[in-house]
Amino acid sequence: MTIDTKRIREDFPILKRQVHGRPLVYFDNAATSQKPQMVIDALVEYYTTYNANIHRGIHALAEEATGRYEETRQKTADFINAPDASNIVFTRNTTEAINLVMHSWGRKFLHKGDEIVLTTMEHHSNLVPWQMLAQEKGVQLRFIDIDDEGELVRDDIERLIGEKTKLVAVVHMSNGIGTINPVLEIIERAHQHGALILLDGAQSVPHLAVDVQELDCDFLAFSAHKMCGPTGVGVLYARRELLEEMDPFLGGGEMIRRVKLEESTWNDVPWKFEAGTPNIGDVCAFGTTLDYLSAIGMQNVRAHEIEMVQECMRRLASVPGITIYGPESPQHRGGVVSFNLDGVHPHDLGTVLDRNGVAIRAGHHCCQPLMNRLDVVATARASFYLYNELNELDAMIEGIEEAARMFRVPAPTGT
Amino acid sequence: MSQHLPEPEFDELYRELILDHYRNPRHKEPLADADVVAEGYNPLCGDEVELRLDFNNGTVTDVSFGGRGCSISQASGSIMSEMVIGKSIANVRKMSEQFNKMMTDPESEPPEELGDLEALQGVAKFPVRVKCATLAWHTLEEGLRQREEGGHEAHVEE
């Protein structure tokens, strides 16, 4: 079964809007997704009916808000099949979740000479924190390269993950070119050598069924806003033993058990990592988001995106001068198609498409090393989600052809 | 094409003169043994440009402008190259100042001596593209600064 986009589109009020006089075609889902009405309603419901600070209040509103906040933690655990709600730490976003691991685990357990294995396709958020740690601790960074199809080089996985490796931090699905990495193989290799694995799930969790127990991953980070949820909510999943032995991230209220003037003791996990008043309203609304996606089924979302990607690549291939980056097989690729049009800079293409109502991303996608590796300064990127339809590709292809006419040096007549 | 481009500002952004400079950039061939080589970089979009300058007695005698960038940044550099050759450094500085003013204040009247640069006036109405237009000029200012300091390489980030 695939999904009924007509019915799903009814759930997303923004899809009714026009942009520059044309119907909105939203193909920038890898940057952020749109929100269904029920999630918007859940936010309004929080602020209009049970807004209160959580965990400490003894009144009815506080109890209700605490209940809904903690219920979302359980729903989040269920969504990725985590063993328990206490495996889930709420952060602001994926970036903060990864930084939390760097500070609370990396700074405590890594030492000079240890190695962290990354890939050349990492988003800056799963690269820069490790560069900071490397500078501070003298830890070495090693990079698994990609081949010409944008897939990880298998030999590098074998060669680079070894006895000195303490952590393998790798993107599950590339936001830049869509590659779905062979994480099972990488995780097995890492664990053979006693290394931990951190998966950057910012793109995978919103688009694939991800099961942390089946994967046997140690850390998984993702964001609510890329999966129909509100901005300002990130998730760190971690194995319980790791959370127990890690140091706190930020100090302050909620993360403590007992505070004296000179020292304090820490709260239980996961609250040890949630100092200060968290983003209560958005977390509660994220619970509704998870209900929404679960009802549709992540397998169905994935099947729909394979169909979108297949058709998008087929249509793009018919335009002269198009280069598509990343794996050829839609099975190896999430709902992301990164491309360039010969002679037209992606920013110009993005501006022309915008005038046609089509929202894509143009730039380096926070993956400058990946762009260097592909030998481009930037790409245009169309990225899909459950509400996109095959016929929306018409507006994109029309805009691309128009940009080609505008910017290219006209071919000499007679050729 | 017009039914796809209903809004006048769009035509203002991509004026025919800009498209012409983009398709046929002037002074693109890198100057050999230039007095100054300045690099410009826009981290927002990854665009990289290289500006080479020759001087004689306080006058810009030759320029080359190359690199990778969008139509706006490439056209801006191409037009700039044409305009600054043969001008005194003081004059070039004044043009740069006027151009930056035009880019940051969409309401300002472009001074007449800006010539072809006037074609870039519409860019000011597209805030996300302003840095594309100013990259070449900021690189030029860096090149001039570098000449004063007697250095050879300069690097500017938008």
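Modeller: Before we start, two residues are in contact here if their C-beta atoms, placed from the backbone, lie within 7 Å. Keep in mind, too, that this is a predicted model.

Colleague: Fine. How many residues of chain A are in contact with chain B, and how many of chain B with chain A?

Modeller: Going by that cut-off of 7 Å between C-beta atoms, we can count each side on its own. Chain B brings 19 residues to the contact, and the number for chain A is 17.

Colleague: Which elements of chain A give two or more residues to that side?

Modeller: By class, the side of chain A that touches chain B has six nonpolar, eight polar and three charged residues. As for where they sit, the elements giving two or more of them are helix H12 (346-355), helix H13 (368-374) and helix H14 (393-407) of chain A.

Colleague: H12(A) and H14(A) also pack with each other. Are they parallel, perpendicular or oblique?

Modeller: Their axes are 9 Å apart, and the packing angle is about 125 degrees. An angle from 65 to 115 degrees would count as roughly perpendicular, and one over 145 as roughly antiparallel. The pair falls in neither range, so H12(A) and H14(A) are oblique.

Colleague: And is the crossing of H12(A) and H14(A) left-handed or right-handed?

Modeller: H12(A) contributes A:Asp348, A:Leu349, A:Val352 and A:Leu353, while the residues from H14(A) include A:Met396, A:Gly399 and A:Phe407. Sorted by class, this contact has eight nonpolar residues, one polar and two charged. As to hand, the crossing of H12(A) and H14(A) is right-handed.

Colleague: Let's compare H3(A) and H10(A). How are they oriented to each other?

Modeller: Helix H3 (residues 60-79) and helix H10 (residues 280-296) of chain A have axes that come within 8 Å and cross at roughly 40 degrees. Roughly parallel would need an angle under 35 degrees. That makes H3(A) and H10(A) oblique.

Colleague: What is the hand of the crossing of H3(A) and H10(A)?

Modeller: Among the residues in this contact are A:Tyr69 and A:Phe79 of H3(A), along with A:Cys284 and A:Leu290 of H10(A). The contact holds eight nonpolar, four polar and three charged residues. The crossing of H3(A) and H10(A) is left-handed.

Colleague: Now the domains. Which element supplies the largest share of the side of domain 1 of chain A that touches domain 2 of chain A?

Modeller: The assignment gives domain 1 as 5-28 + 298-407 and domain 2 as 39-295 of chain A, with their C-alpha centres 28 Å apart. The contact takes 22 residues from domain 1 and 20 from domain 2 of chain A. On the domain 1 side, helix H11 (298-317), strand E14 (336-341) and H13 of chain A each supply at least two residues. The largest share, five residues, comes from H11(A).

Colleague: Which strands are the edges of the seven-stranded sheet in chain A?

Modeller: This open sheet has mixed pairing and runs in the order E4-E10-E9-E8-E7-E5-E6 (chain A). Its neighbouring strands are turned by 20 degrees against each other on average, direction ignored. An edge strand pairs on one side only, and here the edges are strand E4 (88-91) and strand E6 (140-144) of chain A.

Colleague: Last one: which residue stands opposite A:Ile88?

Modeller: E4(A) pairs with strand E10 (residues 234-238) of chain A in the antiparallel sense, over four bridges. In E10(A), the residue opposite A:Ile88 is A:Tyr237.

Definitions and conventions: Residues numbered from 1 in each chain as written. Chains lettered and ligands numbered in written order. Predicted model: local features only at pLDDT ≥ 70, side-chain atom pairs only at ≥ 80, totals over all residues. Nonpolar A, V, L, I, M, F, W, Y, C, P; charged D, E, K, R; others polar. Pairing = 2+ DSSP bridges. Axes fitted to C-alpha atoms, helices over the stretch in contact; angles between N-to-C directions. Left-handed = near helix turned anticlockwise from the far one by under 90°. Domains from an automatic or database assignment.
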